[in-house]
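Please open the structure in your viewer and keep the sequence panel alongside it. The tour below goes from one selection to the next and says what is found at each stop.

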Amino acid sequence: MHSSSMAEEPSIDFDVKPEASLLQMVSSLQQVHLNQQATLADLNSDISTLQLQLNTADSAMKAALADKFLLSKENIMLSQEIKNLESEIKDKLISELDSLVVIKNSEIIKLESLKHKEEKLQSTHHSRENLVQSYMNNVTTHSSKIISEDEMQKQRII
């Protein structure tokens with residue numbers, strides 16, 4: 001800003017001759033008028049500079065507010081996107097867990113079925129062992145009878 005220094009206004013000397021005094025007064029008034037115009041020009045320049053600074057600050061403030069609004073809007077959109085992703089991930093995890101539970105239950109049923117078949121096979125095996133043992137006992141008994149009868153016949157012959 002310009003320093004608004006007013007030039008010293010010339011003093012008017014009224015003790016001079018009237019004609020010279022009148023010319024001197026006109027000259028002094030013209031100088032005062034020129035000084036006031038220069039001061040006014042300086043003030044107008046200062047006002048223009050301040051107006052330009054105010055407009056620049058106003059534009060900067062409006063730009064900052066617009067940026068803040070855009071960032072706020074972007075933040076809301078990002079927040080919503082995060083919520084959507086969290087929900088999607090949660091749904092996928094629940095679906096995967098449900099699938100794993102179904103697979104686990106299916107495996108448990110298969111294992112129980114295999115266990116039942118194994119028990120049945122063991123039972124069948126025991127039954128067969130018992131049958132074989134019974135057959136062997138019968139064979140042994142029958143063989144013993146045959147041998148006994150053979151010996152009895154031999155003894156009769158003798």
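Is K110 buried, partly exposed or exposed, judged by its relative accessible area? Select K110 in this predicted model and you will find a residue with a relative accessible area of 49%, so K110 counts as partly exposed, because the exposed class begins only over 50%.

Keep K110 selected and add E107, since the two form a salt bridge in which the closest N and O atoms are 3.9 Å apart. E107 is likewise partly exposed, because its relative accessible area is 39%. The two residues are 3 apart in helix α1, which means that about one helical turn separates them.

Now step back and display the whole protein chain, which contains 1 helix and 0 strands. That element, helix α1, covers residues 18-157, and the chain itself has 158 residues, of which 4% are buried. If you switch on the surface, its accessible area comes to about 14400 Å², with 60% of it belonging to carbon and sulfur atoms.

Colouring by confidence is a sensible next step: the chain has an average pLDDT of 88, and 87% of the residues score at least 70. Select residues 2-6 with care, as the pLDDT there is below 50, although this stretch has 7 contacts in the model beyond near neighbours in sequence.

Return to the helix for the other salt bridges, the count for the model being 3. Select D58 and K62, whose side chains meet with an N to O distance of 3.2 Å; they are 4 residues apart in helix α1, so about one helical turn lies between them. K62 counts as exposed because its relative accessibility is 53%, whereas D58, at 31%, counts as partly exposed.

Then select E88 and K92, where the side chains also meet in a salt bridge, here at 3.6 Å from N to O. Both residues belong to helix α1 and are 4 residues apart, about one turn of the helix. K92 has a relative accessibility of 52% and therefore counts as exposed, while E88, with 42%, counts as partly exposed.

For the last stop, select V132, Y135, M136 and V139, which together make a nonpolar surface patch of about 380 Å². V139 is part of helix α1, and its relative accessibility of 32% is why V139 counts as partly exposed; a residue needs over 30% relative accessible area to be included in a patch.

Methods:
Residues are numbered from 1 along each chain as its sequence is written. This is a predicted model: local features need pLDDT of at least 70, side-chain atom pairs count only at pLDDT 80 or more; totals for chains, interfaces and linings use all residues. Side-chain values use heavy atoms; hydrogens and water are left out. Patches are made of residues with over 30% relative accessible area and no salt bridge: like charges are joined within 9 Å, nonpolar side chains (Val, Leu, Ile, Met, Phe, Trp, Tyr) within 5 Å. Accessible areas come from the Shrake-Rupley method with a 1.4 Å probe; for residues, only the protein chains shown count as cover. A salt bridge is a side-chain nitrogen of Lys or Arg within 4 Å of a carboxyl oxygen of Asp or Glu. Buried means under 20% relative accessible area, exposed over 50%, partly exposed in between (1.4 Å probe, protein chains only). pLDDT is the predictor's confidence in each residue, from 0 to 100. Contact means heavy atoms within 4.5 Å.
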